[in-house]
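Subject: The structure I promised you

Hi,

Here is the structure we talked about, with the sequence alongside. Have a look around, then read on for what I found.

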Amino acid sequence: VPYAQIYIGDAVGLKAKNHWFDQTKNIFITGIATTVIVGSFKRIIGKERPDGSSNHSFPSGHTANTFAGATILYHEFKDAHPVYAVSGYLFSATTGSFRVMNNKHYVSDVLAGAGVGILIVNLVYLIEPLKNWNPFKRINNLTFSPVINADEVTFVASFKF
């Protein structure tokens, strides 16, 4: 949900810190880093889940991903729309809570996942050279639109000459 909120905020015209391309770039980098770090910890630590289904409980990947999305949402909208910016954390806390209630994680797994997600995003937002690369920033005639029907979700790009 927090990832969707980022693009919904853009679509309805809320003032964000970065251009949509930079937001997407930060989401992509965060996603790769989160997957690698959480996956590595899960394999190295090998903590058993509360329900006994596997030895990949610590840290919670679902919680890491949702808190990463909420933190990106926060960075993008905190200056102009502070209430909207923090709203993603509500969904993230709910995700973590459900992971515990559904007996998939211990509270420590969820807290560690939240910490990993928040930390990775804060590091990504500190990387200056990546912030400056955006081939779409000065192109005003480029439009991306989602197309949603019963069977698929696609994105269409159009360029106005």
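Let me start with a puzzle: does Asp22 count as buried or exposed? Try to decide by eye before you read the next paragraph.

Asp22 counts as buried, because its relative accessibility is 3% and the cut-off for buried is under 20%. You'll find Asp22 in helix 2. Its side chain also has a partner: a polar contact of 3.1 Å links it to the side chain of Lys25.

Before we go further along that helix, a quick overview. Please keep in mind that this is a predicted model. The protein chain has 161 residues, and 32% of them are buried. It contains 6 helices and 2 strands. If you walk along the sequence, the order is α-α-α-α-α-α-β-β, so to speak, a run of helices followed by the strands. For contacts between residues with a separation of 6 or more, 64% are between residues 24 or more positions apart. The accessible surface of the chain is about 9,500 Å², and carbon and sulfur atoms make up 66% of that.

Now back to helix 2, which covers residues 20–45. Thr30 sits there too. Thr30 has a relative accessible area of 0%, so it is buried. What does Thr30 touch, once you leave aside its neighbours within four places in sequence? The list is Ala68, Ile72, Ile120, Val121 and Val124. Another residue to look at is Ile118: it is 88 residues away from Thr30 in sequence, yet their C-alpha atoms are 9.9 Å apart in space. Closer to home in the sequence, a polar atom of the Thr30 side chain lies 2.7 Å from the backbone oxygen of Asn26.

Then there is Ile37, also in helix 2. Ile37 is partly exposed, because its relative accessible area is 33%, and partly exposed runs between the 20% limit for buried and the 50% limit for exposed. Which surface feature does Ile37 belong to? It is part of a nonpolar patch, together with Phe28, Ile32, Val36, Phe41, Ile44 and Ile45. Taken together, the residues of this patch have about 670 Å² of accessible area.

If you want a route for viewing, try Asp22 with its Lys25 contact, then Thr30 and the residues it touches, Ala68 among them, and finish on the nonpolar patch that includes Ile37.

Have fun with it!

Conventions: Residues are numbered from 1 along each chain as its sequence is written. This is a predicted model: local features need pLDDT of at least 70, side-chain atom pairs count only at pLDDT 80 or more; totals for chains, interfaces and linings use all residues. Side-chain values use heavy atoms; hydrogens and water are left out. Patches are made of residues with over 30% relative accessible area and no salt bridge: like charges are joined within 9 Å, nonpolar side chains (Val, Leu, Ile, Met, Phe, Trp, Tyr) within 5 Å. Accessible areas come from the Shrake-Rupley method with a 1.4 Å probe; for residues, only the protein chains shown count as cover. A salt bridge is a side-chain nitrogen of Lys or Arg within 4 Å of a carboxyl oxygen of Asp or Glu. Helices (H or I, at least four residues) and strands (E, at least two) are DSSP runs, numbered from the N terminus. Buried means under 20% relative accessible area, exposed over 50%, partly exposed in between (1.4 Å probe, protein chains only). A polar contact is a pair of N or O atoms within 3.5 Å; within protein, one must be able to donate a hydrogen and the other to accept it, and residues adjacent in sequence count only if both atoms are side-chain atoms. Contact means heavy atoms within 4.5 Å.
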